[in-house]
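Thanks for coming, everyone. Before I start, please put the sequence and the model up on the screen so that we can go through them together.

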Amino acid sequence: AGLIALGIALRWPSDQKHRLELGPLLQRMGKGFREVGSNFSVLITSLVEAFQYMAVGVVDAFLPIYAKLTAGLVEWQIGLLFAVQMATTSLLKPLMGAVSDQFGRKPQIIIGLVLGGLALWRIPWQTTFASICLLIIIFGIAVALTTSATSALITDLCAREHYGAAHGVFGTILDVGHAAGPISAGFLIGALGYRPSFAIFSVILILAS
C-alpha cells in the first residue's frame, strides 16, 4: 500500500517553490517550527490527539492479553477484534471528516473522546466475544470521530506555508502519546489490574475533551 501511494505521489506535478538548498531549507523549517510551536491551539490539538492515541496504544497492547488470559477468547476471535476495530475506523474516517467540514471540528472531537473513554472503561468488564466486539466497534467509531477532525483542525489553525511544520509537530506529539500508552499501562495494570487501569485512561480521555 505504501509503494502504491508513493507511485501515485510521484506522478503529481511538482509544487516546489524553492530550489533544494540546505541552508535556506533549514531556515524556513526553523521559522515554521517556531511559529507552530508558539501556536497554543495547535499544541493543544496535538496533545488531544496524543491522548487519543495513548488509548489506542493501550488497547493494541493489552486487549489481546486480557482477551486471552481473562476473557478466555481464542486466537481467531482476538484477531477478528482488531480487524473489526481497524475496519470501523478506516471506513468511517472519510465520512467523519466530511461531517466535521459541515458541523465543526471541536464538537466532533469532544464527542469522540467521551465516547472512546466510555467504551475503554467498559472493555475489561466484559468476558464474551460479542460484548467486547461491540465495545471495540464503538471505540473504533470514537477514534474515527476524533482523528478525522483533529488533523483537519490542525490545518485550519495555521498558515498555508506552515502546513508541513504543523503536521510534523502534530505527528511527533501523536507518536509520543501512542508510545506512552503501552508503557504507562504496563505499570498500571501490573500494580492495579485491568479495570482500574482502563478506568484511568478513560478518565484521561474524558478530561482531554
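Which residues form a nonpolar patch on the surface? They are Leu118, Trp121, Trp125 and Ile206, and together they have about 360 Å² of accessible area, a value from the Shrake-Rupley method with a 1.4 Å probe, where for residues only the protein chains shown count as cover. A patch here is made of residues with over 30% relative accessible area and no salt bridge (a side-chain nitrogen of Lys or Arg within 4 Å of a carboxyl oxygen of Asp or Glu), with like charges joined within 9 Å and nonpolar side chains (Val, Leu, Ile, Met, Phe, Trp, Tyr) within 5 Å.

I should say that this is a predicted model, in which local features need pLDDT of at least 70 and side-chain atom pairs count only at pLDDT 80 or more, while totals for chains, interfaces and linings use all residues. Residues are numbered from 1 along each chain as its sequence is written, and side-chain values use heavy atoms, with hydrogens and water left out.

Leu118 sits in helix α5, residues 105–122, and is partly exposed, with a relative accessible area of 41%, that class lying between buried (under 20%) and exposed (over 50%), with a 1.4 Å probe and protein chains only.

As for the whole protein chain, there are eight helices and zero strands, taken as DSSP runs numbered from the N terminus (helices H or I, at least four residues; strands E, at least two). Of its 209 residues, 39% count as buried, and the C-alpha trace spans about 60 × 35 × 35 Å along its principal axes.
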